[in-house]
Amino acid sequence: MNTPPSPPGAERTDGSSVQIGALVPLTRPGWVEAGRHLLAGLELAVREVNDAGGIAGRPLELLVRDTAADPQRAAAAVDELARLGVAAVAGEYHSVVARAAAARADALGLPFLCSSAVLDALTEQPTEWVARLAPAQSRGWRIYADFLLSVGHSRIAVAAEPSVYWASGARILRDYLAPRGGTVIELDVRALGPTAVCDELAGNRATAVLLLVGHPEPAVSIVTSVRRDRRLAEIMIGAPAGQPEFAEWARSLGDDSAAIPFLRYLPERLSPLGARVETALRERLAEAPSFVAFEGYDTVTVLADVLRSHGAGRARIAESWSRVAVEGTRGQIRFSRTPGISVWQWAWPPIQVVDRDPAAPDRFRILHTG
């Protein structure tokens, strides 16, 4: 990017707000609970920025748009937000939606800080305009594959729906496990109902089945069927994409929600900042905050630091990704160019494999860290 920096003081200082667009899934078929947590983190951080004086005396304002897990809707929202004059766009949970938003932001020259989507190929070509807080899928899912091998699972079935995200996850697992003696058996849930999935698992002698499917359905029905099938009493159910992170999972499945390992992006112990934010998020959400809520908070923390240091000009924001050094709720955030990743990437947030404790499904157990 060759855009010259604006001279100091070129941004408006008349008290008008600095606006950030926020892309969040708030209605079905989007993962509404994830969207609610992401928005809670974004909004809490904005409130704290404004309580501390805003951006050089100007209030920070979120313009929230519901993506409803629809890539076209997200791209249209980026167009609208760009016309409205936002300094940057933030957020999004669903990878295929974030990919559409990132492509549009790149085309428009609009900075986009992606909070929570993990698909490696967030853009087709390397871009200066997009940065990401969540780890790349290849990083997290390889750590998950290490966990599977460490607990003795090498014959693994994936019950998958068709999507770029699920196909990418299955490929990462297959490519990582095959040289290490592992086998991945793919089951297409479009063609197989829950009972037929159980038949395939029994027939293939799989020791683990991973849910590469949407929540609540068909995930809940598959879990219920597997748990009730006596042939599969010893099989492990896993959900690397994190479906069991949210309270809705426990409400839907009760005791069956436990002992299903998944990925989440939190440290073993929160810093003082993280602990303070956790308390505030818990109050805002009226439940324990997920890692997605922390991702939302950290997103605004980064953007506020950039805006204070470099101003609200879009080109200056995008040029600043490499200079970010911000204390977030889960560690110090810095962006770098990472091989195979087309956007500026925080390498890496903490990554855990956890599950819900069978003795108390509201409590999480850390099983593996990476």
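Visitor: Does Tyr-165 count as buried or exposed, and at what relative accessibility?
Guide: The model is predicted, and its values are computed from that prediction. Buried means under 20% relative accessible area. Tyr-165 therefore counts as buried, at a relative accessibility of 14%.

Visitor: Which geometry does the aromatic pair of Trp-141 and Tyr-165 have?
Guide: The ring centres of Trp-141 and Tyr-165 are 5.9 Å apart, with 80 degrees between the planes. Plane angles over 60 degrees count as edge-to-face. The pair is therefore edge-to-face.

Visitor: How many residues apart in sequence are the parts that this pair ties together?
Guide: Trp-141 is buried, with a relative accessible area of 1%, and lies in helix H4 (residues 137–150). Tyr-165 lies in helix H5 (residues 164–177), so the parts tied together are apart in sequence by 24 residues.

Visitor: Where does the aromatic partner of Phe-291 lie?
Guide: Phe-291, in helix H10 (residues 291–310), forms an edge-to-face pair with Tyr-265, at 5.0 Å centre to centre and 70 degrees between the planes. Phe-291 counts as buried at 3% relative accessibility, and Tyr-265 counts as buried at 6%. Tyr-265 lies in the loop between strand E10 (262–264) and H9.

Visitor: What is the orientation of H1 to H9?
Guide: Helix H1 (residues 32–51) and helix H9 (residues 272–285) pack with their axes 10 Å apart, at an angle of about 120 degrees. Angles of 65 to 115 degrees count as roughly perpendicular and those over 145 as roughly antiparallel. The angle of about 120 degrees therefore makes H1 to H9 oblique.

Methods:
Residues are numbered from 1 along each chain as its sequence is written. This is a predicted model: local features need pLDDT of at least 70, side-chain atom pairs count only at pLDDT 80 or more; totals for chains, interfaces and linings use all residues. Side-chain values use heavy atoms; hydrogens and water are left out. Axes are lines fitted to C-alpha atoms, for helices over the stretch in contact, and angles run from 0 to 180 degrees between N-to-C directions. Helices (H or I, at least four residues) and strands (E, at least two) are DSSP runs, numbered from the N terminus. Angles under 35 degrees count as roughly parallel, over 145 as roughly antiparallel, 65 to 115 as roughly perpendicular and the rest as oblique. Rings of Phe, Tyr and Trp (its six-membered ring) pair if their centres lie within 6.5 Å; planes under 30 degrees apart count as stacked, over 60 as edge-to-face and the rest as tilted. Buried means under 20% relative accessible area, exposed over 50%, partly exposed in between (1.4 Å probe, protein chains only).
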